[in-house]
Amino acid sequence: MTVHEPRSLKQDLVSTKIRQAIHDGRYGRGSMLPGEVELAQQFDVSRGTVRKALQELSNQNLIETRSGVGSFVMFDDHEFSDSTSWGQPLVGSDVTIESKVLRMERIVDHELAATVGLASVDFLALDRTRHVVDGKAVSLERSKVPAVGALARTPEDGLVDGSLASTMAAAGLVPARIEQWIGIAPLSAADAAILSREPGDLFLHLVRIARAADGAFVERVVSLLDPTRFRVHVVSGDLK
């Protein structure tokens with residue numbers, strides 16, 4: 001006899017909300033749901049609860065799951081996600097990374113607007129370095145997001161809870177799909193000075209474009225990561 005584990009109220013909440021979003025057309029055919037970490041934070045539940053809710057929806061043929069497919073940036077062999085605060089210890093590690101804001105201002109960027117399909121050319125630009133406490137910078141990150149809602153006032157009001165992700169959420173910008181390009185690039189003289197390195201030093205170069213479930217542009221991030229501390233871990237599932 002098969003014994004089924006009773007469904008929790010939180011699992012029912014997650015599956016009901018996602019099911020409704022599918023029926024409402026927020027997740028159309030072929031679109032990608034947010035990742036488990038993002039959904040867990042969105043609904044304030046564990047990843048295990050999210051996983052069970054997704055399995056339930058898969059059993060109902062509402063979604064198709066392809067487990068074990070994805071790429072992750074690792075810091076000192078510890079995984080973190082963009083939805084995880086950099087100021088918190090990394091998963092499985094007692095290392096804490098701090099952030100220093102270099103620039104936070106509203107800008108006009110016609111080229112980016114045309115590239116991502118936006119009518120508005122107004123963006124919030126946020127440049128930050130990340131560094132290990134009492135150590136030198138390990139990354140340089142430049143983010144651009146549409147200057148809408150609370151984001152337009154961020155230079156004056158500051159980030160919500162000190163987090164760009166929280167500020168974006170307050171403005172209704174929630175990433176659901178991400179494209180990422182990864183390569184190697186030499187540091188320019190200006191970037192080398194910011195990172196306290198030598199011009200020409202090779203760093204991991206990541207460009208990430210995030211979009212909402214309906215395809216609307218949410219964020220572009222260009223990151224330079226110290227290759228002695230970061231690496232990319234790619235996981236492939238069943239490709240048949």
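## Overall architecture

Helices and strands are here taken as DSSP runs, numbered from the N terminus, with at least four residues for a helix and at least two for a strand. Under that reading, H131 belongs to strand β4, which covers residues 122–132. The model is a predicted one, and its chain contains seven helices and nine strands.

Of the 240 residues in the chain, 38% are buried. Among contacts with a sequence separation of 6 or more, 57% join residues that are 24 or more positions apart.

## The six-stranded sheet

An open sheet is built from six strands, which follow one another in the order β3-β4-β5-β8-β7-β6 with antiparallel pairing. Its edges are formed by β3 (97–108) and β6 (177–186), each of which pairs on one side only. On average, and with direction ignored, neighbouring strands of this sheet are turned by 15° against each other. As a general point, the strands of a sheet pair through backbone hydrogen bonds, in either a parallel or an antiparallel manner.

## Strand β4 and its two neighbours

Strand β4 is largely enclosed by the rest of the structure, because 10 of its 11 residues are buried. Its antiparallel pairing with β3 runs over 11 bridges, and two positions illustrate the register: K100 stands opposite T129 of β4, while M104 has L126 of β4 as its bridge partner.

Strand β4 also pairs with strand β5 (residues 137–146), again in the antiparallel sense, over nine bridges. Here R128 has E141 of β5 as its bridge partner. The two strands β4 and β5 form a hairpin with four residues between them, and in the turn D134 has a positive phi of about 65°.

## H131

Is H131 buried or exposed? With a relative accessibility of 19%, H131 counts as buried, because the cut-off for that class is under 20% relative accessible area. When neighbours within four places in sequence are left aside, the contacts of H131 are T96, I97, E98, K136, A137 and V138. Of these contacts, I97 falls within the range of edge strand β3 (97–108), whereas A137 and V138 fall within that of β5 (residues 137–146).

## An aromatic pair between β4 and β8

The whole structure yields one aromatic pair. The partners are F123 and F217, arranged edge-to-face with 6.3 Å from centre to centre and 80° between the planes. Since F123 lies in strand β4 and F217 in strand β8 (residues 217–225), the pair ties together parts that are 94 residues apart in sequence.

Both partners are buried: F123 has a relative accessibility of 0%, and F217 has a relative accessible area of 3%.

## V218 and its surroundings

Strand β8 also holds V218, which is buried with a relative accessible area of 1%. Beyond the residues up to four places away in sequence, V218 touches K144, V145, P146, M168, L173, V174, P175, A210, R211 and A212. Among these, K144, V145 and P146 lie in the residue range of β5 (residues 137–146). The separation between V218 and M168 is 50 residues in sequence and 8.4 Å in space, taken from C-alpha to C-alpha.

## Helix α3 and the nonpolar cores

Helix α3 (residues 47–59) comprises 13 residues and spans 18 Å from its first C-alpha to its last, which is close to the 18 Å expected at 1.5 Å a residue. Its buried residues are T49, V50, A53, L54, E56, L57 and S58, and the buried residues of α3 pack against α1 (9–23) and α2 (36–43).

The largest nonpolar core has 13 residues, of which V14, I18, L39, F43, V50, L54 and I63 touch the most other members. The elements giving two or more residues to this core are α1, α2 and α3, and the largest share, four residues, comes from α3. Another core, of 11 residues, lies apart from it and includes L124, L164, A212 and V218. In soluble globular proteins, nonpolar side chains tend in general to be buried together.

How values were computed:
Residues are numbered from 1 along each chain as its sequence is written. This is a predicted model: local features need pLDDT of at least 70, side-chain atom pairs count only at pLDDT 80 or more; totals for chains, interfaces and linings use all residues. Side-chain values use heavy atoms; hydrogens and water are left out. Buried means under 20% relative accessible area, exposed over 50%, partly exposed in between (1.4 Å probe, protein chains only). Contact means heavy atoms within 4.5 Å. Two strands pair if DSSP finds at least two bridges between them. Axes are lines fitted to C-alpha atoms, for helices over the stretch in contact, and angles run from 0 to 180 degrees between N-to-C directions. Rings of Phe, Tyr and Trp (its six-membered ring) pair if their centres lie within 6.5 Å; planes under 30 degrees apart count as stacked, over 60 as edge-to-face and the rest as tilted. The expected span of a helix is 1.5 Å times one less than its number of residues. A nonpolar core is a set of buried Ala, Val, Leu, Ile, Met, Phe, Trp, Tyr and Cys residues joined through side-chain atoms within 4.5 Å.
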